[in-house]
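Q: Please take a close look at the cysteines of this protein and at how they are paired. I would like one connected account.

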Amino acid sequence: MNKTERGIMRSMLVVVAVAFVLVSRAECHTSTTPTPLNSCKAFSTCDSCVQHPKCLWCMTNDTCTDYPVSYILPPPAVCKLSQARWGMCWVNFEALIIAMAVLGGTIIISITVCCCCCCCCKKHQSGPDRDEERFARRRGEIRQRADERKVERKVRHDDIRKKYGLVPDSDHPYSKFENE
């Protein structure tokens with residue numbers, strides 16, 4: 001792992017840890033309010049407003065309003081994203097969007113880099129490269145020529161042995177005298 005990959009991994013861990021803290025705290029706040037709620041306008045502080053998942057606190061005019069469920073994000077007519085609070089008073093929608101975009105981008109880039117590295121490594125390890133194939137072919141050719149020379153030498157030596165009657169099982173004319 002190089003320095004860039006380590007930096008990416010650290011930033012991913014930080015973002016995941018922050019997201020985990022946000023989710024765990026939001027669950028704690030929402031689970032402590034069993035009483036049903038008629039209107040969010042009854043809350044006068046940010047802490048009391050954001051405890052309810054249907055409420056949105058706007059920091060610009062310090063009001064608690066119903067969360068606009070027909071939109072994913074609250075429209076600017078209700079409250080600016082940098083001033084809107086939901087779930088916790090210290091987290092605004094703008095920072096949450098940026099953090100999730102960075103986290104998503106980092107995950108996508110990490111997956112892409114891992115896939116590319118795996119594909120490149122697999123491509124190089126799948127078979128011998130050209131140099132190895134060339135060396136193996138040369139070794140085979142050299143071995144074949146050496147075997148051919150060895151056979152030729154053996155034939156020449158056998159011919160010399162036959163000529164001088166050094167081969168015990170040959171039908172050389174002088175072999176009769178040796179056996180008597």
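**The cysteines and their links**

A: At 1% relative accessibility, Cys40 is buried, because the cut-off for buried is under 20%. The model is predicted, and Cys40 belongs to one of the 4 disulfides found in a search of the whole structure. The partner of Cys40 is Cys55, with an S to S distance of 1.9 Å. This link is left-handed, at -85° about the S-S bond. The pair links distant parts of the chain, 15 residues apart: Cys40 sits in the loop between helix H1 (3–31) and H2, and Cys55 in strand E1. Cys55 is also buried, with a relative accessible area of 0%.

Helix H2 takes part in further links. A disulfide is formed by Cys46 and Cys89, whose sulfur atoms are 2.0 Å apart. The link of Cys46 and Cys89 is left-handed, with -125° about the S-S bond. Cys46 is in helix H2 and Cys89 in strand E4 (residues 88–92), so the pair links distant parts of the chain, 43 residues apart. Cys46 counts as buried, at 12% relative accessibility.

Cys49 pairs with Cys64, and their sulfur atoms are 2.0 Å apart. The link of Cys49 and Cys64 is right-handed, with 75° about the S-S bond. Because Cys49 lies in helix H2 and Cys64 in strand E2, this disulfide ties together parts that are 15 residues apart in sequence. Both ends are buried: Cys49 has 0% relative accessibility, and Cys64 has a relative accessible area of 4%.

With bonded cysteines counted along the chain, the disulfides follow the pattern 1-4, 2-8, 3-6, 5-7. Cys119 is in no disulfide; the nearest cysteine sulfur, that of Cys115, is 6.3 Å away. Cys119 is exposed, with a relative accessible area of 55%, and Cys116 is partly exposed at 44%.

The surroundings of these cysteines can be read from the record and from other residues. The unreviewed UniProt entry lists residues 95–121 as a transmembrane region. That span is 100% helix and 0% strand, and its end C-alpha atoms lie 38 Å apart. In the loop between helix H2 (46–50) and strand E1 (55–58) is His52, which is buried at 9% relative accessibility. His52 lies 7.6 Å from Gly87, C-alpha to C-alpha, with their positions 35 residues apart in sequence. By contrast, Ile72 is exposed, at 76% relative accessibility. Ile72 forms a nonpolar surface patch with Leu73 and Ile97, and together they have about 290 Å² of accessible area.

Key:
Residues numbered from 1 in each chain as written. Predicted model: local features only at pLDDT ≥ 70, side-chain atom pairs only at ≥ 80, totals over all residues. Heavy atoms only, no water. UniProt positions renumbered as here; feature names shortened; annotations may be inferred. Helix = DSSP H or I, 4+ residues; strand = E, 2+ residues; numbered from the N terminus. Buried < 20%, exposed > 50% of the residue type's maximum accessible area, 1.4 Å probe, protein only. Patch = residues over 30% accessible without salt bridge, like charges linked within 9 Å, V, L, I, M, F, W, Y side chains within 5 Å. Areas by Shrake-Rupley, 256 points an atom, 1.4 Å probe, with all protein chains shown as cover. Salt bridge = Lys/Arg side-chain N within 4 Å of Asp/Glu carboxyl O. Disulfide = S-S within 2.5 Å.
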